[in-house]
Amino acid sequence: MARRIGFLLANVYQGASLAMWRSIASEAKKEKDSALFVFPGGRLRYSHGNEFLRNSIYDLANSSSLDGAIIWASTLSGEVCTEEAEAFARLKSLEMPVVALGMPIEGCPSVNFDAYGGMKDEIRHLITVHGDRKIAFIRGPENHRSAEDRLEAYRDALAEAGIGFDPRLVSSPHAWADGRSAIAELTERRGLLPGQDFTAVAAASDMLLLSVVRYFEEIGVDIPERVHAAGFNDNEENMLMAVEPT
């Protein structure tokens with residue numbers, strides 16, 4: 001009997017989602033007695049733009065249409081808190097088997113990512129290999145556990161290297177695609193000079209960093225000659241940038 005597997009995530013067209021859904025689809029293709037259905041329903045109740053309108057397709061992922069589901073729970077937060085994204089996955093698990101990606105969900109098998117360890121290694125790399133001690137950090141969404149893990153890793157890596165934490169070098173939380181606003185916050189609103197007030201910038205995702213790099217190009221800041229730049233997730237967008245991938 002054919003098995004019907006659903007994959008629920010925010011999108012299939014940007015960031016780490018590009019590689020993730022393709023990898024899952026490739027594995028599903030090897031199973032001749034199974035079928036994969038992808039539900040790119042957007043972040044839950046995301047109020048910017050019209051993304052929330054896609055949320056309704058999640059209603060189609062139920063025990064009548066599927067035998068089980070993979071839910072990339074961490075991608076569903078951003079507007080709602082982490083707890084609401086977890087509750088969404090738990091509710092689905094009451095009617096069918098669920099495997100959660102990106103965050104632990106009570107009662108569900110989970111596959112989690114060591115975002116903390118990866119970001120910590122990245123900051124250490126900038127410090128030990130490139131000699132950077134003034135490192136700016138572009139934050140991801142506030143209501144996103146993995147984004148907050150990356151901020152914590154940044155702070156801990158600085159502390160371990162004996163570098164004091166300077167809140168001026170850290171942007172406020174921003175959506176994954178809003179790196180331009182984040183770097184403008186540092187340079188235009190706070191008056192920080194690239195290459196002087198910070199010699200490197202690390203972003204919580206490649207999506208954020210791509211906007212940062214484009215901004216630097218517009219204002220004539222050379223990478224990596226004047227500022228080192230490091231992204232996170234090794235997304236396809238990273239191929240467009242002369243930066244340090246993680």
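# Lys92, its contacts and the charged pairs

Modeller: At 2.7 Å, the side chain of Lys92 reaches the backbone oxygen of Tyr58. The model is predicted: local features need pLDDT of at least 70, side-chain atom pairs count only at pLDDT 80 or more, and totals for chains, interfaces and linings use all residues. Residues are numbered from 1 along each chain as its sequence is written, and side-chain values use heavy atoms, with hydrogens and water left out.

Colleague: Why is Lys92 said to have no salt bridge?

Modeller: A salt bridge requires a side-chain nitrogen of Lys or Arg within 4 Å of a carboxyl oxygen of Asp or Glu. For Lys92, the nearest side chain of opposite charge is Glu95, at 4.6 Å, so the criterion of 4 Å is not met. Lys92 is nevertheless buried, a word that denotes under 20% relative accessible area, with exposed meaning over 50% and partly exposed the range in between (1.4 Å probe, protein chains only).

Colleague: Which residues is Lys92 in contact with, leaving aside its neighbours within four places in sequence?

Modeller: They are Leu8, Tyr58, Asp59, Ala61, Ile71 and Val98, where contact means heavy atoms within 4.5 Å.

Colleague: How do you know that Cys108 is in no disulfide?

Modeller: A disulfide is a pair of cysteine sulfur atoms within 2.5 Å. The closest cysteine sulfur to that of Cys108 belongs to Cys81 and is 17 Å away, which means that it is too far for a bond. The search of the whole structure accordingly gives 0 disulfides. At 10% relative accessibility Cys108 counts as buried, whereas Cys81, at 26%, counts as partly exposed.

Colleague: Why is Tyr154 called buried?

Modeller: Its relative accessible area is 1%, so Tyr154 falls under the 20% limit. Tyr154 is found in helix α4; helices (H or I, at least four residues) and strands (E, at least two) are DSSP runs, numbered from the N terminus. Beyond four places in sequence, Tyr154 touches Met119, Ile123, Ile135, Ala136, Phe137, Phe165, Leu169 and Val170.

Colleague: Which residues touch the most other members of the largest nonpolar core?

Modeller: In this core of 43 residues, they are Ile123, Ile135, Ile138, Tyr154, Val201 and Phe216. A nonpolar core is a set of buried Ala, Val, Leu, Ile, Met, Phe, Trp, Tyr and Cys residues joined through side-chain atoms within 4.5 Å. Helix α6 gives the most to this core, with 7 residues.

Colleague: What makes Glu148 and Arg139 a salt bridge?

Modeller: Their closest N and O atoms are 2.9 Å apart, so the pair satisfies the 4 Å limit. Glu148 is partly exposed at 28%, and Arg139 is buried at 15%.

Colleague: How far apart in sequence are Glu218 and Arg180, and why is the pair said to link distant parts of the chain?

Modeller: Glu218 forms a salt bridge with Arg180 at 2.8 Å between the closest N and O atoms. Glu218 lies in helix α6 and Arg180 in helix α5, 38 residues apart. Glu218, at 54%, is exposed, while Arg180, at 39%, is partly exposed.

Colleague: Why are Lys30 and Glu27 described as separated by about one helical turn?

Modeller: They are 3 residues apart in helix α1 (residues 17-30), which means a separation of about one helical turn. Their side chains meet in a salt bridge at 3.0 Å, N to O. With 55% relative accessible area Lys30 is exposed, and with 45% Glu27 is partly exposed.

Definitions and conventions:
Lys, Arg positive; Asp, Glu negative; His and termini not counted. Polar contact = N/O pair within 3.5 Å; in protein donor to acceptor, adjacent residues only side chain to side chain.
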